[in-house]
Amino acid sequence: MDGHDMLLSPAGVDALRTALRRAGFTSNGIAERLGAQATGAVARNDYRAALRATEDRDLLGILIRVFICDQTESEADVAAALAPLTLDEAVAGGLVERHGDGLRAGVDLEPYGDDWWVLADVPASARPGRPLHAEHVLGIGGATQTLIGATVRRPVDTALDLGTGSGVQALHLATHARSVTATDLSERALRFAATTAALNGQDWELLRGDLVAPVAGRRFDLVVSNPPFVVGPGTTTHVYRDSGRVGDAIGAELAAAAPGLLTEGGTMQYLANWVHVAGEEWDERVAGWFAGTGLDAWVIQREVADPMAYVDLWLTDVGESADAQRMAAWLDWFDAHKVEAVGFGIVSLRRGGHTEPVVRVEDLRQRVQPPLGDQVAAWFDRQDFLGVRDTEALLAERYRAADGLQLRQEATMGDEGWGVDRQVLAMPHALRWTEEVDPLVLALVGGADGRLPLRDQLALLAAAHDVEPDELAEAAGPIVAHLVERGIIEPVPA
């Protein structure tokens with residue numbers, strides 16, 4: 001997109017960048033100026049210490065007060081802090097706005113990462129009582145950070161960000177993709193994204209349209225999306241939140257579009273909400289989204305909310321929490337469709353070329369070793385290993401137990417001492433799975449030291465447990481595949 005599609009002119013963007021760098025208005029610069037305690041307080045919207053630390057109102061202090069602490073400062077001070085960007089262009093572009101006898105932030109200008117800035121709308125919490133624009137552009141929230149952490153960061157040629165908003169995902173994609181395309185339904189959002197890109201010296205292809213429509217017929221190595229996933233009756237009031245689709249249909253729609261978007265070996269990852277319907281298994285319902293796609297799919301549910309908490313969250317998000325009629329209509333829709341809860345999670349799809357694609361839909365509520373994207377990439381790697389090996393090939397491999405694997409036991413004291421009731425393998429790293437196992441599986445994992453092929457290891461176990469070796473080998477196939485998929489045991493490279 002050309003400079004006319006930005007909040008500021010190209011020269012204005014350059015001038016703003018110069019001002020921000022001159023003042024040291026970066027994440028590190030602010031942290032050094034304020035100190036750890038005040039910086040932590042700012043993250044909790046407690047600005048007292050930050051305001052005390054910037055009372056001298058130097059260039060960095062003014063920028064912190066205006067864009068971090070949401071203060072109104074004098075026109076002269078703001079003009080000096082933004083120079084060489086002229087105050088006329090800053091006001092015309094909405095960067096600052098007149099308020100009382102001074103100027104305050106007109107947008108959310110957030111220092112991000114080591115040396116980035118993201119432009120978005122001021123959040124609802126900072127302007128109580130002022131309704132959000134229908135095309136409100138979100139900054140860096142919790143969902144944004146979830147997708148950033150979950151994205152596979154391996155180098156690719158082409159990457160696509162569906163529903164880019166302020167452009168945060170595209171910023172990250174540009175660090176490991178040769179070219180970045182970003183779409184959004186909102187022309188206003190694209191202006192923010194274009195400004196974010198230019199301010200950070202990046203060049204993206206920006207296209208306007210609904211979801212995949214602007215890139216019909218094109219394929220990408222990596223696709224990410226933080227779509228308007230909020231579940232409800234299909235009412236659209238804010239484009240960042242409401243897709244216009246009924247229920248959780250947008251998640252199924254993206255799944256259906258994925259095969260036509262991905263190159264061979266390509267990956268698509270998006271955030272989604274899905275309904276838990278009375279009398280249905282939520283995981284089976286979500287798994288149905290991927291039937292016939294030919295893609296490997298891993299869906300992990302990170303949170304679950306009851307309908308009341310869910311509706312309250314999203315009405316508060318746009319400053320409508322006091323709208324009793326809106327809340328009642330939304331809750332009535334949930335009741336009519338027997339929705340007991342709403343799940344939130346991450347969908348990761350890959351065009352792996354496997355004859356029998358793997359679809360896993362599961363709860364993963366535990367804390368995982370960050371970044372989650374590395375764990376997602378490793379999960380797909382394990383599917384590649386398993387996808388080309390039948391049981392005989394699996395038994396011919398050598399395995400070792402994951403580093404740091406722990407055994408946890410529950411036992412009951414009896415007449416003859418402690419009797420073990422339950423044995424659980426626990427991974428202290430990576431995905432931190434726990435897995436209840438029987439003594440035979442425990443012996444298999446315990447003997448996985450990488451020295452013997454699994455078939456030889458099973459022969460020793462069969463003799464020790466008085467079991468036929470062929471029967472044990474046949475039973476072990478799916479068990480070993482599950483242990484490999486979980487990362488509890490790892491194949492030893494030849």
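A residue is called buried when its relative accessible area is under 20%, exposed when it is over 50%, and partly exposed in between. With that scale in hand, the predicted model can be read one residue at a time. Pro428 has a relative accessibility of 22%, so it counts as partly exposed. Its place is in the loop that links strand E15 (417–426) to strand E16 (434–436). Leaving out residues up to four places away in sequence, Pro428 touches Gly404, Leu405 and Gln406. Val368 is 60 residues from Pro428 in sequence, yet their C-alpha atoms are 9.1 Å apart in space.

Asp449 can be read in the same manner. This residue belongs to strand E17 (residues 449–453). Because its relative accessible area is 40%, Asp449 is also partly exposed. Not counting residues up to four places away in sequence, Asp449 touches Tyr399 and Arg400. Tyr399 lies 50 residues away along the chain, while 6.5 Å separates the C-alpha atoms of Tyr399 and Asp449.

Attention now turns to the interior. In soluble globular proteins, nonpolar side chains tend to be buried together. Here, the largest nonpolar core holds 126 residues, and the members that touch the most others are Phe25, Phe67, Leu95 and Phe334. Phe334 shows what such a position looks like: setting aside neighbours within four places in sequence, its contacts are Val231, Pro307, Tyr310, Val311, Val339 and Val342. A second core is separate from this one and has 27 residues, among them Leu160, Leu207, Met268 and Trp289.

Helix H1 is a good place to try a small calculation. H1 covers residues 10–23, and at 1.5 Å a residue its 14 residues should span 20 Å; the C-alpha atoms at its ends are 20 Å apart, which agrees. Gly24 comes after H1 and has a positive phi, near 80 degrees. Within the helix, the buried residues are Gly12, Val13, Ala15, Leu16, Arg17, Ala19, Leu20 and Ala23. An α-helix has 3.6 residues a turn, so residues three or four places apart point the same way. The buried residues of H1 pack against several elements, including helix H5 (59–67), helix H6 (75–82), helix H7 (87–92) and helix H10 (187–199). Strands E3 (108–112) and E4 (116–120) are packing partners too.

Empty space completes the picture. The structure has two cavities of 30 Å³ or more. About 80 Å³ of space lies in the largest cavity, and its lining includes Val230, Val231, Asp242, Arg245, Arg326 and Trp330. By class, that lining has four nonpolar, five polar and three charged residues. Val231 thus appears both in this lining and among the contacts of Phe334. The second largest cavity has about 30 Å³ of space and is lined by Leu7, Leu8, Gly93, Leu95, Leu119 and Thr195. Its lining has four nonpolar and two polar residues but no charged ones.

Among the pockets, the second largest has about 340 Å³ of space. Of its 18 lining residues, Val358, Leu386, Gly387, Arg389 and Ala481 are the closest to its centre. Helices H15 (372–387), H16 (391–396) and H19 (469–486) each give at least two residues to the lining, and H19 gives the most, with five. The lining of this pocket divides into six nonpolar, seven polar and five charged residues.

Definitions and conventions:
Residues are numbered from 1 along each chain as its sequence is written. This is a predicted model: local features need pLDDT of at least 70, side-chain atom pairs count only at pLDDT 80 or more; totals for chains, interfaces and linings use all residues. Side-chain values use heavy atoms; hydrogens and water are left out. A nonpolar core is a set of buried Ala, Val, Leu, Ile, Met, Phe, Trp, Tyr and Cys residues joined through side-chain atoms within 4.5 Å. Buried means under 20% relative accessible area, exposed over 50%, partly exposed in between (1.4 Å probe, protein chains only). Contact means heavy atoms within 4.5 Å. Helices (H or I, at least four residues) and strands (E, at least two) are DSSP runs, numbered from the N terminus. The expected span of a helix is 1.5 Å times one less than its number of residues. On a 1 Å grid over the protein atoms alone, a cavity is a set of points where a 1.4 Å probe fits but cannot get out, and a pocket is an open set with protein on both sides within 12 Å along at least five of seven lines; lining residues have an atom within 4 Å of a point. Grid points are joined across faces, edges and corners, and a volume is the space filled by probe spheres set on the points. Ala, Val, Leu, Ile, Met, Phe, Trp, Tyr, Cys and Pro count as nonpolar, Asp, Glu, Lys and Arg as charged, and the others, Gly among them, as polar.
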